[in-house]
Amino acid sequence: MIDRFIRRLPVTLALLLGTSAIAQAPVAAPPAQTAPPAAAPADQGDGGLVVDVEGGISAPTPIAIPVMPTAAVVQTPAGSTDALGRQLSDIIATDLRNSGLFTPLSPGQLRPVTFPEVQAPAYDHWRSTQAQALVQGYIRANGDGTLTVGCYLFDVSAQRELARQGFVVPPADWRRAAHKCADTVYARLTGEGPYFDSRVVYVAETGPKANRIKRLAIMDQDGANHRFLTNGQSIVLTPRFAPNQQSIVYMSYVGRIPSIYVYDIGSGKQRLVVQNAATTFAPRFSPDGRFILFSMATGGNTDLYRVSAQGGTPQRLTTSPGIDTGGSYSPDGSRIVFESDRSGGQQIYVMNADGSNQHRISFGGGRYATPVWSPRGDLIAFTKLAGSFRIGTMSPSGGAEKLLTDDWSDEGPSWSPNGRAITFYRSGRGSSGKATLWMVDLTGVNERRIPTPLDGSDPAWGPLRP
């Protein structure tokens, strides 16, 4: 019973219980016995191949991503460099395919690339495959134990280089080099911000619906490098990254009282944020990381508060009768969007960060919950309750409402770092229905499941990693 109750906590408003950095390498010629021809400078101007982020979904751009060669096969803690070259290309292809905007050529359409070709593509061959863009690169094992990965993007028709990046990574972070290469390609061809080199924190779930075990878990945005952060002895909900990604704020039932904790990713330690016996929940950091916005239920009323991220005395921001919860800051920290039932049903409101100028922005049929501001500031994502639970977006003024999903129970949206995609969780029907993590882009067309080893809920997409 308590599991069913807390699963809907952010939506039903029924809670009245009351990193290791990657260094950018200079992109010189790839190491080879014979130096490749000199490459033209990367094109930094406008023009050339461009991918339409809206229309491109219906006609994804064909792109060639051959295996990355290595000058010498070297065994590393992450595997041999020739095997890593294949895996790097596979990850880049998967990232770009998952965006819905690209169709990587099949392995049968690809040909081996030699080192001299890395910066001097065989354009005639790639043009014959109908590829419009080409991604080539290399991997090298360095004497200090690190790996260097080079990444080059070419316009096949124009026969010119569009972008180049190089990355030096410890072997444990080789996948990040692939994500960063995919980010380079995506950003250059779409004009949008990158998002592949990012992580998701969520609630991993096991057991029957009436008695779920819930643990904090963290993974790359594609589901790789998965690990559990808590042991499941206490129920956890609504984890959210700090802007610096070094900690996570979340609600836990430690001591059987819903309270807000901050978990330090590096040390594994957690601390209580608000020192009182009241029910606190739905936490989220401010964009600058100085404050934690949360809800607190006292005396039969629930309001929004903020407190220093280091703890202290909370400041009350709302005072209306009813339940105010689910707060999320605008990217510049000047405004807060939240949900409230002060009008008789769940609706979305916006106010200034100090609590002034509170006004309702949702007026469509049904109820609205779990609003969250886009990192670009142009949209607010939400859960709409009208027969089923669906993910949608609207402008900060409440206009241009658009529903992106159409399933029985989709909720808990969280934005990608570039504001082009949303992760959420989907609950199956009945007592045996599973909770799974999904992603959808702003067109509502490109929807896919995110793999997790267990059931998953309450996802939060973190910022782009440094």
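Guide: Two strands pair if DSSP finds at least two bridges between them. Helices (H or I, at least four residues) and strands (E, at least two) are DSSP runs, numbered from the N terminus. This is a predicted model: local features need pLDDT of at least 70, side-chain atom pairs count only at pLDDT 80 or more, and totals for chains, interfaces and linings use all residues. Residues are numbered from 1 along each chain as its sequence is written, and side-chain values use heavy atoms, leaving out hydrogens and water.

Visitor: What makes strand 22 and strand 23 a pair?

Guide: Strand 22 (residues 347-352) and strand 23 share 2 bridges, in the antiparallel sense. The rule asks for at least two, so they pair. Tyr349 has Arg360 of strand 23 as its bridge partner.

Visitor: Why are strand 20 and strand 23 called edge strands?

Guide: Their open sheet has 4 strands in the order 20-21-22-23, with antiparallel pairing. Strand 20 (324-329) and strand 23 (359-360) each pair on one side only.

Visitor: Which strands stand at the edges of the sheet 24-25-26-27?

Guide: That open sheet also has 4 strands and antiparallel pairing. Strand 24 (367-373) and strand 27 (402-403) each have a single partner strand, so one side of each lacks a neighbour in the sheet.

Visitor: How many bridges join strand 25 and strand 26?

Guide: Strand 25 (residues 380-386) and strand 26 (residues 388-394) pair over 7 bridges, antiparallel. Lys384 is matched with Arg390 in strand 26.

Visitor: Why is helix 3 called oblique to helix 5?

Guide: Helix 3 (residues 81-98) and helix 5 (residues 174-190) pack at about 45 degrees, axes 9 Å apart. Angles under 35 degrees are roughly parallel, over 145 roughly antiparallel, 65 to 115 roughly perpendicular, and the rest oblique. An angle of about 45 degrees is in the rest, so helix 3 is oblique to helix 5.

Visitor: Which residues make the contact?

Guide: Contact means heavy atoms within 4.5 Å. Leu84, Leu88 and Ile92 are among those of helix 3, with Trp174, Ala178 and Val185 among those of helix 5.

Visitor: What does UniProt annotate at residues 50-162?

Guide: The unreviewed UniProt entry gives "domain: TolB N-terminal" for this span. Residues 50-162 are 21% helix and 28% strand, with end C-alpha atoms 11 Å apart.

Notes:
Axes are lines fitted to C-alpha atoms, for helices over the stretch in contact, and angles run from 0 to 180 degrees between N-to-C directions. UniProt positions are given in the numbering used here, feature names are shortened, and annotations may be inferred rather than shown by experiment.
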